[in-house]
Amino acid sequence: MIDRRRMMIAGTALLAFGPGPAGAGVPAGILDHGNRARAAAGLAPLRASDRLNRAAQSHAEAMARAGRLSHTLGSSSPVSRARGVGYAYRSLAENIAYRTSPGRADANALAQVFVEQWMASPPHRRNLLNPALTEAGIGVAAAGGLVYAVQMLATPR
């Protein structure tokens, strides 16, 4: 079951997917599937960062509201988002993706699709498999029949 909170923004229903009481959900699944890909490459797992989670979730919601996939919206960028939540980093990368909403698909299957998309794209794969990046934040939101995912990867200072 996908844990959701529903918000109305400018008359558009926005679903933000996040961890529920059981800690499950699409973001946790993305972290898990990403860590499986890293393990297959002989890399250490990424640790979840609450600050990066907030930054990633905020950007996923902004993309869903705008109906646009972009690393930059207005004056927002990965750097400004990390700084905005007080995350001090040495290295920073971001993967974003969207897909049509699968309806009632399970959270794990949706998470797996996003990670597979990133692993099939050389620049996104490099980000996910970069051994210097040790922490991650994940955000997922849906609107207008699309689901947007953000994976922020970093090395803390």
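**View 1. Helix H1, from end to end.** Because a helix is expected to span 1.5 Å times one less than its number of residues, the 15 residues of H1 should cover 21 Å, and the 21 Å between its end C-alpha atoms agrees with this. The model is predicted, so that local features need pLDDT of at least 70 and side-chain atom pairs count only at pLDDT 80 or more, while totals for chains, interfaces and linings use all residues. Residues are numbered from 1 along each chain as its sequence is written, and side-chain values use heavy atoms, without hydrogens and water. Helices are DSSP runs of H or I with at least four residues, numbered from the N terminus. Among the buried residues of H1 (under 20% relative accessible area, 1.4 Å probe, protein chains only) are Val26, Ile30, His33 and Arg38. Just after H1, Gly42 takes a positive phi of about 80°.

**View 2. Surroundings of Arg38.** Arg38, which belongs to helix H1 (residues 26-40), is buried without a salt bridge, and Glu135, the nearest side chain of opposite charge, is 11 Å away; a salt bridge would need a side-chain nitrogen of Lys or Arg within 4 Å of a carboxyl oxygen of Asp or Glu. A polar atom of the Arg38 side chain lies 2.8 Å from the backbone oxygen of Ala44, and one lies 3.2 Å from the backbone oxygen of Asn130.

**View 3. Helix H2 and the residue after it.** Helix H2 (residues 50-66) has 17 residues and reaches 24 Å from its first C-alpha to its last, close to the 24 Å expected. Its buried residues include Leu52, His59, Glu61 and Met63, and Gly67, just after H2, takes a positive phi of about 65°.

How values were computed
Helices (H or I, at least four residues) and strands (E, at least two) are DSSP runs, numbered from the N terminus. Buried means under 20% relative accessible area, exposed over 50%, partly exposed in between (1.4 Å probe, protein chains only). Lys and Arg count as positive and Asp and Glu as negative; His and the chain ends are not counted. A polar contact is a pair of N or O atoms within 3.5 Å; within protein, one must be able to donate a hydrogen and the other to accept it, and residues adjacent in sequence count only if both atoms are side-chain atoms.
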